[in-house]
Amino acid sequence: MQVKITFAAPKMPRTGAVAVGVLDGRKLSPSAETLDKAAGGTLSRAVKQGRFTGKKGQILDLVAPGGLRNSRVLLVGLGKTKDLKDLDLENLGGSVAARMGATGEPGVTLMVDALEGAAHESAERAVRYALGARLRAYRFDKYKTKEKPADKPGLKSVTVMVANPAAAKRAFAAHEKVAEGVAFTRDLVSEPANVIFPKSLVAEAKKLVKLGVTVQVLGEREMRRLGMGALLGVGQGSARESQLLVMQWKGAGAARGKKAGPIAFVGKGVTFDTGGISIKPAGGMEDMKWDMGGAGVVTGLMRALAGRKAKVNAVGICALAENMPSSSAQRPGDIVTSMSGQTIEVINTDAEGRLVLADALWYVQEKFKPSAIVDLATLTGAIIVALGHDYAGLFSNNDKLSDQLTAAGKSVGEPVWRMPLAAPGESYDKAINSQAADMKNVGNRAGGSITAAQFLQRFVKKGTPWAHLDIAGTTWSSKDTPTVPKGGTGFGVRLLDRWVADHHEK
Ligand code: BES
Ligand code: MN
Ligand code: ZN
């Protein structure tokens, strides 16, 4: 269940939980002052105790404060008003939602005051708080059958009180669609592999048709006809049929589409990665249910773009396959022919993501002549070694695209860090030359994320701006952050939505 967000004109709630701001130096905001008066000074006495100073992100939780009938008053540190950025505001909204969820309050009212010297109007701040709360209040609990719906932890409603609720509501509408895209991605990533496999992921994507997204699907027969030997080889050991999912959103109209091709998003959708015959160790293998994270982002992004009616022509392609060992599985040493005609020696069947992407990348270029391509993939464990879990790896043949994505990621709190990519024929690229075929699917251990990106680059036509995001470290999180509860993060949806908004809708 999604938390319900309402904007309303300020009226101090007499009951329930209410959150008010405190500025750096223990200075009460106007709403906090009002409450303090009603409570006979309880709030101002409370902020004088202990370490709470009103620093950005601090929360002081007053339970049943004397003189009020409210169940709680949350004093939320805003820090110095002029320092508050979009992300800070989202984080504050998220932290309040998390605190309320943990305490079992079903709802909370946020009082948003006009603040002197703030970079944002109060309506804008209200929107950011609401977005943060919505993103953080996400839960994936459908399989927890012993929690009755009423007892499920988690916040049910947030009321944001602000002088201009109509303006806030209008501005929130597009953000809400993006948050829905993020939640959709998190759902897809969180579902186990017995529920989300190639055909069932396609069925989920078909739900976007009612938003105006065109959904087409290629099955194994069609892919064989197109010569997609690399993708098909990965799925050949599985009882589940591989699929190529093609989603189109034509929000810019035909005129723009004629001038320049659409922008394309390509996602790795390995719905479970056992490693295949080069099988993975048992410990932690359950994580490989989220090896379709790239496809999850592409699908959630299409939902966000269509939901907010983005003025862009975008195509989203998901390369869907299950990597299983069986008597029909691909073997190490097999040589497959990709749709591009290039042959690949499969040294390690666990380096399967690049194989499914090779054919998806080639297909999208042949079919759509895109003006730019961004692919997303939980591609390598090596990117986790290099960057940990905060930054995704960015590889690109284009500095401008690379800078745009870096800036977009920074502004939404989904940061990417650029990694090296060599020109064809240079050292990193040569690492995947094969004795027997045009290339092999692994280099040596060193620079594993880079050689994976070099492999993908061999399937990108010269002159096409392309970026590859290795999201293996950021797709799943083992700890809560203010706007992202642990589990599937949806990392990439907000980044690419922002990139589209900033560079492809003008
Ligand atoms: N899906 C994995 C990468 C991965 C690892 C994602 C851990 C998330 C967490 C990918 O298919 C894989 O197995 N990569 C191998 C490549 C190697 C065989 C060259 C890896 O990273 O070990
Ligand atoms: Mn693998
Ligand atoms: Zn994989």
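**Exercise 1. A loop residue with an unusual backbone**

Where is R26 found: in which loop, between which strands? Work out its backbone angle and exposure too, keeping in mind that this is a predicted model.

*Solution.*
- Step 1: Start with the place. R26 sits in the loop between strand 2 (17-23) and strand 3 (27-28).
- Step 2: Look at the backbone. Most residues other than glycine have a negative phi. R26 has a phi near 60°, a positive value in a residue other than glycine.
- Step 3: Check the exposure. R26 has a relative accessible area of 32%, so it is partly exposed.

**Exercise 2. Another positive phi**

Find out where K369 lies and whether K369 is buried or exposed.

*Solution.*
- Step 1: Go to the loop between helix 11 and strand 14 (372-377); K369 lies there.
- Step 2: Its phi is positive, about 45°, although K369 is not a glycine.
- Step 3: Exposed means over 50%. K369 has a relative accessible area of 57%, so it counts as exposed.

**Exercise 3. The whole chain**

Describe the overall build of the protein chain, then decide whether its radius of gyration agrees with that of a compact globule.

*Solution.*
- Step 1: Take stock of the pieces. The protein chain has 16 helices and 20 strands.
- Step 2: Get the extent. Along the principal axes, the C-alpha atoms fill a box of roughly 85 × 50 × 40 Å.
- Step 3: Compare the radii. A compact globule with 506 residues would have a radius of gyration near 23 Å, and the protein chain has 25 Å, so the two agree.
- Step 4: Look inside. Of the 506 residues, 57% count as buried.
- Step 5: Ask how far apart in sequence the touching residues are. Among contacts with a separation of 6 or more, 77% come from residues 24 or more positions apart.

**Exercise 4. Domains and cores**

Split the chain into its domains, then work out which of them feed the largest nonpolar core.

*Solution.*
- Step 1: The domain assignment gives domain 1 (4-163) and domain 2 (179-503). Their C-alpha centres lie 38 Å apart, and the contact takes 15 residues from domain 1 and 21 residues from domain 2.
- Step 2: Now the core. The largest nonpolar core has 87 residues, and M247, F265 and W499 have the most contacts inside it. At least three residues of this core come from each of domain 1 and domain 2.
- Step 3: Another core lies apart from that one, with 41 residues, among them L218, V270, V364 and F455.
- Step 4: Zoom in on M247. Leaving aside neighbours within four places in sequence, its contacts include A205, L208, V298, M302 and C318.
- Step 5: Follow A205 back to its helix. A205 is one of the buried residues of helix 6 (residues 198-205), along with P198, S200, L201 and V202. What covers these buried residues includes strand 8 (214-218), strand 9 (243-250), strand 10, helix 10 and strand 11 (313-323).

**Exercise 5. The zinc site**

Name the residues that coordinate the zinc ion (ligand 3), and explain why the arrangement counts as octahedral.

*Solution.*
- Step 1: List the residues. K268 (NZ), D273 (OD), D291 (OD) and E352 (OE) coordinate the zinc ion at 2.0 to 2.4 Å.
- Step 2: Place them along the chain. The spacing reads K-x4-D-x17-D-x60-E.
- Step 3: Check the angles. The six donor atoms subtend angles of 78 to 175°, and that makes the arrangement octahedral.

**Exercise 6. The manganese neighbour**

Work out which residues coordinate the manganese ion (ligand 2) and which residue the two metal sites are said to share.

*Solution.*
- Step 1: The manganese ion is held at 2.1 to 2.2 Å by D273 (OD), D350 (O), D350 (OD) and E352 (OE). These donors follow the spacing D-x76-D-x1-E.
- Step 2: With angles of 71 to 167° among the six donor atoms, the manganese site is irregular.
- Step 3: The two ions are 3.1 Å apart, and D273 coordinates both. The pair links distant parts of the chain: D291 in the loop between strand 10 (263-273) and helix 10 (293-307), and E352 in the loop between strand 13 (343-345) and helix 11 (353-368), 61 residues apart.
- Step 4: Finish with exposure. D350 has a relative accessible area of 21%, so it is partly exposed. E352 has 1% relative accessibility and therefore counts as buried; D291 is buried as well.

Conventions:
Residues numbered from 1 in each chain as written. Chains lettered and ligands numbered in written order. Predicted model: local features only at pLDDT ≥ 70, side-chain atom pairs only at ≥ 80, totals over all residues. Heavy atoms only, no water. Core = buried A, V, L, I, M, F, W, Y, C linked by side-chain atoms within 4.5 Å. Buried < 20%, exposed > 50% of the residue type's maximum accessible area, 1.4 Å probe, protein only. Domains from an automatic or database assignment. Contact = heavy atoms within 4.5 Å. Donors = N, O, S within 2.8 Å, 3.2 Å for Na, K, Ca; no water. Tetrahedral: all angles 85-135°; square planar, octahedral: opposite > 155°, others 65-115°. Helix = DSSP H or I, 4+ residues; strand = E, 2+ residues; numbered from the N terminus. Rg over C-alpha atoms; globule rule 2.2 N^0.38 Å.
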